[in-house]
Amino acid sequence: MAKLKQLGFDSVRVEPFEMQTWMRGEESAELISPFPQPLEITSLGGSVATPEQGLEGELVPFASLAELRAAAPGSLDGKIAYVGHAMQRTQDGSSYGFYGELRRVGASVAAGKGAIAVLIRSIGTDSHRFPHTGQMNYQDDMPRIPAAALSNPDADQIERVASRGQPMQLRLKMMPEVVGTTESGNVIAEIRGRENPEEVVIIGGHLDSWDLGTGAIDDGAGVAITTAAAKLILDAGKRPRRTIRLILWGAEEVGLLGGRAYLERHRDALEQQLIGSESDFGAERVWQLTAQVSEQAQPVVDLIGELLAPIGVARGDMDKPGGGPDLIPMVEAGMPTLRLVQNGTDYFDLHHTHDDTLDKIEAAALDQNVAAFAVFAWLAADSNVNFRQ
Ligand code: ZN
Ligand code: ZN
């Protein structure tokens, strides 16, 4: 808030909300037979702890979530499930939804078969010994068992041992805890519109990040890109017709808590939330523009497309609503979105790991992103069209 005030934005404020806060603790794992081998693991967000002395069990390998689901109930009694299921890289990151399901639901599926813990191959595309964390959830009707991700090279090693048919014994210790209710919030700053200030165009990124790295690509980059884009417009000295609202979302990683809190707070002003775009896919160059808007708003999107074409942004078709995770609650409530799609080919090398640090960001690529968001924010806010379909 201090920085945003210093930059000269209007109406800088925080909209607070409460959240349950989980904290990582000491965590380690090792193969104890057929030979000793320390493994690089990390707890999945929201996981319960092991007993203080850790736990041990036979490690039973599965190639995929589907294979784990097909296991007989009781077949994993007293054992630890390992699930492979290697994610592949794509430019648009679309495989994250499919492979990420293992992280979200794996623990309860394994618990349903009797497992005492679950270890998954990281939902990530690198081959370094950095495990990828991320939020998981428990099904209410299943025992809660500890869940951790294994770095990809360690997962390769487990699969090699498994392929020889040798029984594996694993020791696992994780000491995360739920510290209780804490306060988070959405930090908001505006460029107030000159004609219809109550109508808003939303841009932003999320302030929270996983604890292992510094959160430079997820999502310091999005915060920086959209703040810089708004600042460019502010410094140009002209005000758009409608308000540009920069939202730096809180608590995205643990379940879109900021996005949900924003929807609740602004329910009475839904129609005035004209259109939004969040930057939450790293800081590589924007290569595609997609939008889901009314016929009437097409010329505005066409002009944004024309202006961005010289910096490498091509028009694409939006087959489903996009525009960033924090906007999902608003999209479900009918708000249109425009997506400036970053090249995500390498995004899942770093995502949710110790390796998500600032040195991975290239300044020239960041500039291209800032230009794209500035063009969108200005033209959408200075228009007088209705974006809703
Ligand atoms: Zn993110
Ligand atoms: Zn994330």
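How many residues at least does the lining of the second largest pocket draw from each of domain 1 (2–21 + 180–382) and domain 2 (25–175)? The count is at least three from each. The model looked at here is a predicted one, and what follows goes through its pockets, its cavity and a zinc site.

To stay with that second largest pocket for a moment, the space in it comes to about 570 Å³. It is lined by 24 residues, and those closest to its centre are Q20, T21, W22, Q135 and V254. Two elements, β1 (10–23) and β10 (177–191), give two or more residues to this lining. The largest share belongs to β1, which puts in five residues. Sorted by class, the lining of the second largest pocket holds 10 nonpolar, eight polar and six charged residues.

The largest pocket encloses about 1400 Å³ of space. Its lining runs to 43 residues, with Y96, G324, P325, I328 and R339 the closest to the centre. At least two lining residues come from each of α3 (95–112), β14 (286–292), α8 (328–332), β16 (337–342) and α9. As for chemistry, the lining of the largest pocket splits into 14 nonpolar, 15 polar and 14 charged residues. Where does the largest pocket lie relative to domain 1 (2–21 + 180–382) and domain 2 (25–175)? Both domains give residues to its lining, so the largest pocket lies between them.

Now for the metal. The zinc ion (ligand 2) takes its protein donors from D218 (OD), E253 (OE, listed twice) and H352 (NE2), at 2.0 to 2.5 Å. Along the chain, these donors are spaced as D-x34-E-x98-H. Why does the arrangement around the zinc ion (ligand 2) count as irregular? The angles subtended by the four donor atoms run from 57 to 147°, and a tetrahedral label would need all of them between 85 and 135 degrees. D218 also does a second job, bridging the zinc ion (ligand 2) and the zinc ion (ligand 1), which sit 3.4 Å apart. Because D218 belongs to helix α5 (residues 216–236) while H352 falls in the loop between α9 (347–350) and α10 (363–382), the pair ties together parts that are 134 residues apart in sequence. Are D218 and H352 buried or exposed? D218 is buried, and H352 is buried too.

The zinc donors turn up again in the cavity analysis. One cavity of 30 Å³ or more is counted, and the volume of the largest cavity is about 40 Å³. Its lining is made up of W210, L212, G213, G215, D218, E253, H352, T353 and D356, so D218, E253 and H352 serve both as lining residues of the cavity and as donors to the zinc ion (ligand 2). By class, the cavity lining has two nonpolar, four polar and three charged residues.

One last residue sits well away from the cavity lining residue D356. S75 is found in the loop between α2 (65–69) and β6 (80–83). With a relative accessible area of 32%, S75 is partly exposed. S75 and D356 are separated by 281 residues in sequence and by 38 Å in space, taken C-alpha to C-alpha.

Technical notes
Residues numbered from 1 in each chain as written. Chains lettered and ligands numbered in written order. Predicted model: local features only at pLDDT ≥ 70, side-chain atom pairs only at ≥ 80, totals over all residues. Heavy atoms only, no water. Donors = N, O, S within 2.8 Å, 3.2 Å for Na, K, Ca; no water. Tetrahedral: all angles 85-135°; square planar, octahedral: opposite > 155°, others 65-115°. Helix = DSSP H or I, 4+ residues; strand = E, 2+ residues; numbered from the N terminus. Buried < 20%, exposed > 50% of the residue type's maximum accessible area, 1.4 Å probe, protein only. 1 Å grid on protein atoms, 1.4 Å probe; cavity = no way out; pocket = protein on both sides within 12 Å on 5 of 7 lines; lining within 4 Å. Points joined across faces, edges and corners; volume = space filled by probe spheres on them. Nonpolar A, V, L, I, M, F, W, Y, C, P; charged D, E, K, R; others polar. Domains from an automatic or database assignment.
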